Amino acid sequence: MTTMFSLAVIFITGFLIFRKYNPQAVLFFGGLLLLIGAIVGGTGVPLVESQSSGSILLDLFTFIKVKMSSTVAGLGLYIMAVAGFAKYMDHIGASQVLVQVTLKPLQKFQSPYMVLALGYLAGQLLNVFIPSAAGLGLLLMVTLYPVLTKLGVSKVSAVAVIATSACLDLGPASGNSVMAATNSGMDVTEYFMNYQFLVGGVTAIAIAIMHFFVQRYYDAKGHGAEYSQDVEVDVKDKEAPIWYCLLPLVPLVLIFTFSKMVVSSVKIDIATAMFLSVTIALLCEVIRKGAKDTLGSLLVYFDGMGNAFARVITLIVAGQVFAHGLKTIGILDTAINAATSASIPVAVLVVIMVVVIAMFSILMGSGNAPFFSFAALVPDIAAKVGVGPIAMLLPMQLGSGIARSMSPIAGVIIGVAGIAGVSPFDIVKRTAPVMVVALVVSTGMSLLLTL
């Protein structure tokens with residue numbers, strides 16, 4: 001009975017999120033329903049006795065408080081610090097300068113589709129320093145888009161490449177990366193350098209090659225020719241000096257320098273690196289413009305942190321509540337026991353989980369929501385099948401971002417398509433074959449590296 005109830009709640013939760021209901025609210029209430037089902041069915045309680053308030057029903061909300069407290073104090077603080085820094089870099093124009101400097105060498109190439117492929121690689125590299133897919137997409141629409149269209153690449157192909165520029169969510173600044181590293185029990189720098197860098201690098205090369213052939217094929221067939229090329233993309237020029245391109249690199253330099261791989265005697269976490277980096281950026285602004293006009297801009301950083309709390313941290317906690325509900329009601333154990341009793345190989349189980357999270361990413365138009373919902377379950381699943389959490393988390397984390405680029409309702413797809421005046425569905429027709437190959441390559445490479 002509890003299994004049927006769990007499946008019904010899962011289906012309704014997915015359906016409501018697909019229909020654009022607020023994901024935080026849906027996941028919170030879905031998790032609470034599962035926890036109530038667990039209490040009624042006698043499969044478990046929300047909190048262990050040492051954390052209990054003394055009332056099982058009150059524990060439903062005490063659990064949310066416990067999760068909110070632990071998340072905001074740890075993982076949440078890291079993500080908020082990163083989000084605030086990204087917003088401040090955009091505010092002072094440093095992100096725009098970094099993109100311009102990175103893409104400038106591409107203008108020397110005359111082969112349109114070679115520039116297109118290299119443009120994707122440049123965008124994916126920039127994603128390490130500019131973790132916002134939508135923000136990076138806008139910057140690339142200002143810089144890379146005109147270069148590609150002037151060389152003869154169709155609008156649809158140019159937008160398709162730009163829309164996938166952040167599909168892998170690479171680097172310590174990515175919220176998904178931090179989440180994956182935390183649940184893997186390792187430092188985010190170790191996760192990036194030892195696992196994500198290699199798998200993501202090979203996958204990025206495969207994506208660039210696929211873009212070269214797929215977009216050239218569609219353009220040769222005349223698909224997308226109905227869209228004119230006379231679009232102009234404009235953003236406010238913040239007139240930042242060229243050396244400001246170094247500022248977005250500061251936190252990653254700090255994180256990599258003071259790590260086990262370089263200077264192990266000094267430790268620095270992500271939040272500390274971001275606080276120090278934004279202080280350096282603020283001092284640069286003070287020297288350039290004066291204290292009176294720039295000290296107040298620190299509020300931009302805190303606004304970015306607050307926005308991350310409202311949109312990202314609450315989503316993580318909501319996903320954790322839903323995941324805990326699934327675990328408490330026993331549906332997780334049922335699924336794992338079914339898989340182990342059927343003697344499903346671990347590699348096949350990983351592939352199944354990647355496919356499931358990819359489907360949710362496409363339906364939700366988000367790489368964060370499904371990964372945040374499932375990531376908390378992975379350590380228990382991995383332990384029961386005898387593998388390390390990284391073996392599942394790495395392909396799932398990469399897969400969620402890749403699949404997002406196949407969703408016509410993803411924010412970055414809708415955003416860049418709207419700027420260029422093309423249909424999101426036409427964009428997805430171009431990205432889907434590329435992303436399917438990327439999903440196969442990233443999952444295959446992950447399995448080779450971790451199993």
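## Pockets, a cavity and helix packing

The largest pocket holds about 1500 Å³ of space. Of the 50 residues lining this pocket, Ser132, Ala133, Arg311, Val312 and Asn368 are the closest to its centre. Please keep in mind that this is a predicted model. Besides the pocket, a search of the whole structure turns up 1 cavity of 30 Å³ or more. Below you will find the two spaces, followed by three helix pairs.

**The largest pocket**

- Eight elements are worth tracing here: two or more lining residues come from each of helix 2 (23-41), helix 3 (56-91), helix 4 (94-103), helix 6 (133-150), helix 8 (175-184), helix 13, helix 16 (368-375) and helix 19 (411-420).
- Among these contributors, helix 3 gives the most to the pocket lining, with 7 residues.
- Sorted by class, the pocket lining comprises 26 nonpolar, 16 polar and 8 charged residues.

**The largest cavity**

- The volume of the largest cavity is about 50 Å³.
- Its lining is made of Val82, Phe85, Ala86, Phe129, Pro131, Ala173, Pro248, Pro251, Leu252 and Met274.
- By class, the cavity lining has 10 nonpolar residues, with no polar and no charged ones.
- Helix 3 and helix 10 (250-257) each supply at least two of the cavity's lining residues.
- Helix 3 gives the most to this lining, with 3 residues, and helix 3 also gives the most to the lining of the largest pocket.

**Helix 3 with helix 8**

- The axes of helix 3 and helix 8 come within 10 Å and cross at roughly 155°.
- With that angle, helix 3 is roughly antiparallel to helix 8.
- The two helices cross in a right-handed sense.
- On the helix 3 side, the contact is made by Leu75, Tyr78 and Ile79, and on the helix 8 side by Gly175, Val178, Met179 and Thr182.
- This contact has 5 nonpolar and 2 polar residues, and no charged residues.
- Both partners also appear among the elements that give two or more residues to the lining of the largest pocket.

**Helix 1 with helix 13**

- Helix 1 (residues 2-18) and helix 13 (residues 298-329) have axes that come within 10 Å and cross at roughly 165°.
- That makes helix 1 roughly antiparallel to helix 13.
- Helix 1 passes helix 13 in a left-handed crossing.
- Thr2, Phe5, Ser6, Val9, Ile10 and Thr13 of helix 1 meet Phe322, Leu326 and Ile329 of helix 13.
- Split by class, this contact has 6 nonpolar, 3 polar and no charged residues.
- Helix 13 also takes part in the largest pocket, giving two or more residues to its lining.

**Helix 9 with helix 18**

- The axes of helix 9 (residues 188-220) and helix 18 (residues 390-404) come within 11 Å and cross at roughly 45°.
- Helix 9 and helix 18 are therefore oblique to each other.
- Their crossing is right-handed, as helix 9 passes helix 18.
- Helix 9 brings Tyr191, Tyr195, Gln196, Val199 and Thr203 to the contact, where they meet Ile390, Leu393, Leu394, Gln397, Leu398 and Ile402 of helix 18.
- By class, the residues of this contact are 8 nonpolar and 3 polar, with no charged residues.

Key. Residues are numbered from 1 along each chain as its sequence is written. This is a predicted model: local features need pLDDT of at least 70, side-chain atom pairs count only at pLDDT 80 or more; totals for chains, interfaces and linings use all residues. Side-chain values use heavy atoms; hydrogens and water are left out. Axes are lines fitted to C-alpha atoms, for helices over the stretch in contact, and angles run from 0 to 180 degrees between N-to-C directions. Helices (H or I, at least four residues) and strands (E, at least two) are DSSP runs, numbered from the N terminus. Angles under 35 degrees count as roughly parallel, over 145 as roughly antiparallel, 65 to 115 as roughly perpendicular and the rest as oblique. A crossing is left-handed if the near helix is turned anticlockwise from the far one by less than a right angle, and right-handed if clockwise. Contact means heavy atoms within 4.5 Å. Ala, Val, Leu, Ile, Met, Phe, Trp, Tyr, Cys and Pro count as nonpolar, Asp, Glu, Lys and Arg as charged, and the others, Gly among them, as polar. On a 1 Å grid over the protein atoms alone, a cavity is a set of points where a 1.4 Å probe fits but cannot get out, and a pocket is an open set with protein on both sides within 12 Å along at least five of seven lines; lining residues have an atom within 4 Å of a point. Grid points are joined across faces, edges and corners, and a volume is the space filled by probe spheres set on the points.
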